[in-house]
Amino acid sequence: MKAIRDIVLRHKAGEPIGVTSVCSAHPLVIEATLRHALRTAQPIALVEATCNQVNQDGGYTGMHPADYRDFVQSIADKAGFPRERLVLGGDHLGPNPWTALSAADAMERAETMVAQYVRAGFRKIHLDCSMSCADDPVPLPERIIAERAARLCRAAENAFDGDDAEAPVYVIGTEVPVPGGAAEDLDELALTTPEAAIATVDMHRDLFRATGLADAWERVIATVVQPGVEFDHDKVVDYRPGKAAALSRSIEPVANLVFEAHSTDYQTAEALASLVRDHFAILKVGPGVTFALREALWALDTIEAELVTPEHRARLRAVAIERMRAEPGHWQKYYHAEGAALDLQLQYSLSDRIRYYWPDAAIVAAQDRLFANLRETAPTLSLVSQYLPLAYAAVRAGRASLDPADLVMAHISAALDAYHGACHPDA
């Protein structure tokens with residue numbers, strides 16, 4: 001769509017600007033994102049859902065693409081954010097939710113999903129067919145990945161019915177980090193080579209044009225590569241500009257394309273700014289903002305313990321751990337500790353698997369009770385300073401109240417400040 005294409009073209013013309021993409025389905029994260037965009041006068045707010053969160057089967061959120069659109073738009077209306085400045089994206093759209101099926105069945109479902117996303121108004125589409133299905137070789141040959149991406153692009157183009165200026169824009173790329181961070185310990189990463197990055201672009205371009213998608217190719221704005229950023233349970237692999245210099249230069253001659261950087265969660269402000277300067281002009285963040293959400297909720301849980309008698313406390317932290325242990329499906333392949341050490345992983349792993357559990361009815365009820373308790377007995381400024389110093393700063397600056405939801409969103413907003421500074425260095 002025109003708004004994102006304009007940012008990409010300005011970057012290609014030499015401006016060190018970019019755009020932050022927040023991938024989340026949590027209402028407080030989304031509202032914080034939109035409020036932050038208003039406060040910082042951003043031209044657009046880019047919010048994305050992943051194929052695992054939202055699809056025609058409901059995903060882990062229970063939402064179809066149209067449901068997610070309505071959900072985000074309702075939050076935008078509440079926050080006073082203009083709908084025309086809201087851009088919805090679909091992340092990792094491909095066969096990933098159905099890799100236990102044959103490739104034929106999984107791709108048929110992926111086509112249905114992509115079409116539903118586009119019909120629902122999602123305009124930034126990441127075509128990700130990098131994963132092997134049940135009857136595929138491992139790893140999947142790059143040409144097959146590109147052929148499947150072109151097939152999904154065709155489904156998206158067929159589903160779009162609107163003004164040409166609002167036609168979907170696409171992101172390609174086969175060296176895609178694992179959604180939500182690595183499951184194994186990390187010490188060093190192999191960067192995408194410049195040759196591999198350009199070969200991916202060339203292969204997709206040729207296949208798109210050969211299959212009648214030349215017009216769609218003109219709306220491909222980015223390719224995903226590995227610039228050397230990732231995180232696991234306890235460590236962050238920081239961006240090193242010197243190591244990525246050749247990769248950065250490789251995209252400069254390619255018209256209309258920048259790099260999209262996934263797994264930028266937990267990078268420093270300086271690293272994020274360097275990424276944008278080095279043409280990784282689309283910064284994706286997901287677990288990083290839900291980790292900030294969890295930090296704020298745990299702080300409120302502690303404040304509640306200071307103010308509320310035991311029999312009236314919501315016990316949000318305890319309820320969340322109990323529910324995660326009772327329903328281990330979202331974390332058991334990733335966390336392998338036992339006893340108290342497992343409790344630490346469940347809460348504090350940077351991969352933030354707890355984000356899958358926020359819609360759980362018992363956890364929602366505990367959060368609601370926590371907020372109700374802290375609205376009845378408001379926290380003092382001194383307690384907010386002790387446990388939520390970033391939110392305290394926002395309260396003192398007049399950007400937030402002592403309402404618990406405001407405090408949570410102020411803490412999340414502080415995490416987004418580094419992204420805004422990286423994408424808009426002259427602001």
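**Exercise 1. Describe where tyrosine 348 lies and what surrounds it.**

Solution. Tyrosine 348 lies in helix 12 of what is a predicted model. The next step is its exposure: its relative accessibility is 33%, and because buried means under 20% and exposed means over 50%, tyrosine 348 counts as partly exposed. Turning to its surroundings, and leaving aside neighbours within four places in sequence, tyrosine 348 is in contact with His233, Phe291, Arg294, Trp298 and Arg317. Two of these contacts, Phe291 and Arg294, also meet each other, since the charged end of arginine 294 sits over the ring of phenylalanine 291 at 4.7 Å from its centre. Finally, tyrosine 348 and glutamate 295 are 53 residues apart in sequence, yet their C-alpha atoms are 8.8 Å apart in space.

**Exercise 2. Work out which residues of helix 12 are buried and which helices they pack against.**

Solution. Within helix 12, which covers residues 339–348, the buried residues are Leu342, Gln345, Leu346 and Gln347. An α-helix has 3.6 residues a turn, so residues three or four places apart point the same way. The buried residues of helix 12 pack against helix 10 (287–307) and helix 11 (316–326).

**Exercise 3. Classify the ring pair of tyrosine 60 and tyrosine 356, and then that of phenylalanine 231 and tyrosine 266.**

Solution. A pair of aromatic rings is described by the distance of the centres and the angle of the planes. By the rule used here, the count comes to 11 aromatic pairs. For tyrosine 60 and tyrosine 356, the centres are 4.4 Å apart and the planes stand at 55°, so the pair is tilted. This pair links distant parts of the chain, 296 residues apart, with tyrosine 60 in the loop between strand 2 and helix 3 and tyrosine 356 in the loop between helix 12 and helix 13. For phenylalanine 231 and tyrosine 266, a separation of 5.1 Å centre to centre goes with 80° between the planes, and the pair is edge-to-face. Phenylalanine 231 lies in strand 7 and tyrosine 266 in the loop between strand 9 and helix 9, so this pair ties together parts 35 residues apart in sequence. As for exposure, phenylalanine 231 is buried at 0% relative accessible area, whereas tyrosine 266 is partly exposed at 23%.

**Exercise 4. Identify what is unusual in the backbone at tyrosine 266, at asparagine 256 and at the bond between valine 138 and proline 139.**

Solution. Most residues other than glycine have a negative phi, and most peptide bonds are trans. Tyrosine 266, although not a glycine, has a positive phi of about 75°. Asparagine 256 likewise has a positive phi, near 70°, and lies in the loop between helix 8 and strand 9. Valine 138 and proline 139 are joined by a cis peptide bond, with omega about 0°, and proline 139 lies in the loop between strand 4 and helix 5.

Technical notes. Residues are numbered from 1 along each chain as its sequence is written. This is a predicted model: local features need pLDDT of at least 70, side-chain atom pairs count only at pLDDT 80 or more; totals for chains, interfaces and linings use all residues. Side-chain values use heavy atoms; hydrogens and water are left out. Buried means under 20% relative accessible area, exposed over 50%, partly exposed in between (1.4 Å probe, protein chains only). Helices (H or I, at least four residues) and strands (E, at least two) are DSSP runs, numbered from the N terminus. Contact means heavy atoms within 4.5 Å. Rings of Phe, Tyr and Trp (its six-membered ring) pair if their centres lie within 6.5 Å; planes under 30 degrees apart count as stacked, over 60 as edge-to-face and the rest as tilted. A charge sits over a ring if NZ of Lys or CZ of Arg is within 6 Å of the ring centre and within 35 degrees of the ring normal.
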